[in-house]
Amino acid sequence: MEYQRSAGILLHPTSLPGPYGIGDIGPAAFRWVDFLAETGCGLWQVLPLGPTGYGDSPYQCFSAFAGNPLLISPEKLKEDGFLSNEELNIPFEPNPKKIDYGEVIEYKKSLLKTAYQNFKSNSKGLEKDFNKFCEEHNDWLDDYSLFMACKDFHNGDIWSRWDKGLVQRDESALKEW
């Protein structure tokens, strides 16, 4: 097998510029891809894109299947009608030289919660697609959702310190949770 010579670059989307503390898969990512194409750069390696935990490392993800919600673009949510200008104008002053992931996580979580509440009140015709996604991915999505909800309930504590029935996946404990 013969390969044509090509060039590429390694850059995680969180390294892209943006007004929300870290880069995401929004307008800056689209401009980046256009720039790569214009310069003849044929490959963009992004590192894992899963939801990160302690240390915010893309190599320490909670799921091999789920995407990192911090990579959701607030601008794209606005374009889709799930965030308004007022909701995006929550004061936030990210440090351009050093990322405070704790601050960014709380800020973006608040935007995502607002977008989800707006989706619940008016899905803009996407409810069927949402339900289809949930059905097609229930082999991992249900367990992942339960795990993350439990982790949030336990303030991020490690799972081995949770309720024994939950940790051992006791059927009655799972139903209760």
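# Pockets, a cavity and a helix crossing

At 73% relative accessibility, which is over the 50% that marks a residue as exposed, Asn155 counts as exposed. I start with this residue, in what is a predicted model, since Asn155 brings us straight to the loop between α6 and α7. The backbone there deserves a look as well, because phi of Asn155 is near 55°, a positive value in a residue other than glycine.

Leu47 makes a companion to that residue, and you can find Leu47 in the loop between β2, residues 43-45, and α2. Leu47, although not a glycine, has a positive phi of about 70°. Is Leu47 buried, partly exposed or exposed? With a relative accessibility of 23%, Leu47 counts as partly exposed.

Let me now step back to the whole protein. The protein holds 8 helices and 2 strands, and if you follow the elements from the N terminus on, they run β-α-β-α-α-α-α-α-α-α. Along its principal axes the C-alpha trace spans about 60 × 50 × 40 Å, and 29% of the 177 residues count as buried. As for how the chain meets itself, among the contacts with a separation of 6 or more, 56% are accounted for by residues 24 or more positions apart.

Next comes a pair of helices. Two packed helices are described by the angle between their axes and the distance between the axes. For helix α5, residues 127-136, and helix α6, residues 138-153, the axes come within 6 Å and cross at roughly 95°. That angle falls in the range of 65 to 115 degrees, and α5 and α6 are therefore roughly perpendicular to each other. On the α5 side the contact is made by Phe133, Cys134, Glu135 and Glu136, and on the α6 side by Asn138, Asp139, Trp140 and Leu141. By character, the residues of this contact divide into 4 nonpolar, 1 polar and 3 charged.

That leads us on to the empty space in the model. Rolling a probe the size of a water molecule over the atoms shows where empty space is left. The largest pocket holds about 2200 Å³ of space, and its lining is made up of 45 residues, with Gly67, Pro69, Ile72, Leu112 and Tyr144 lying nearest its centre. Which helix gives the most to this lining? The answer is α6, with 9 residues, while α2 (74-79), α4 (101-121), α5 and α6 each supply at least two. Sorted by character, the lining of the largest pocket divides into 28 nonpolar, 10 polar and 7 charged residues.

The second largest pocket holds about 190 Å³ of space. Asp143, Leu146, Phe147, Cys150, Trp159, Trp162, Leu166, Val167, Arg169 and Leu174 form its lining, and the elements that give two or more residues to that lining are α6 and α7, the latter being residues 164-167. Here too we come back to α6, which contributes the largest share of this lining, 4 residues. The lining of the second largest pocket consists of 8 nonpolar and 2 charged residues, with no polar ones.

Finally, let us turn from pockets to cavities. How many cavities of 30 Å³ or more does the count come to? The count comes to 1, and about 40 Å³ of space lies in the largest cavity. This cavity is lined by Gly21, Phe92, Pro94, Asn95, Lys98, Ile99, Asp100, Glu103 and Val104, which divide into 4 nonpolar, 2 polar and 3 charged residues.

Two of these lining residues, Gly21 and Lys98, are worth finding together in the structure above. They are 77 residues apart in sequence, yet 9.4 Å apart in space, taken from C-alpha to C-alpha. Lys98 itself belongs to the loop between α3, residues 85-88, and α4. Is Lys98, then, buried or exposed? Lys98 has a relative accessible area of 64%, and because the cut-off for exposed is over 50%, Lys98 counts as exposed. The residue therefore appears in two lists, being exposed by its accessible area and also part of the lining of the largest cavity.

Definitions and conventions:
Residues numbered from 1 in each chain as written. Predicted model: local features only at pLDDT ≥ 70, side-chain atom pairs only at ≥ 80, totals over all residues. Heavy atoms only, no water. Axes fitted to C-alpha atoms, helices over the stretch in contact; angles between N-to-C directions. Parallel < 35°, antiparallel > 145°, perpendicular 65-115°, else oblique. Contact = heavy atoms within 4.5 Å. Nonpolar A, V, L, I, M, F, W, Y, C, P; charged D, E, K, R; others polar. 1 Å grid on protein atoms, 1.4 Å probe; cavity = no way out; pocket = protein on both sides within 12 Å on 5 of 7 lines; lining within 4 Å. Points joined across faces, edges and corners; volume = space filled by probe spheres on them. Buried < 20%, exposed > 50% of the residue type's maximum accessible area, 1.4 Å probe, protein only.
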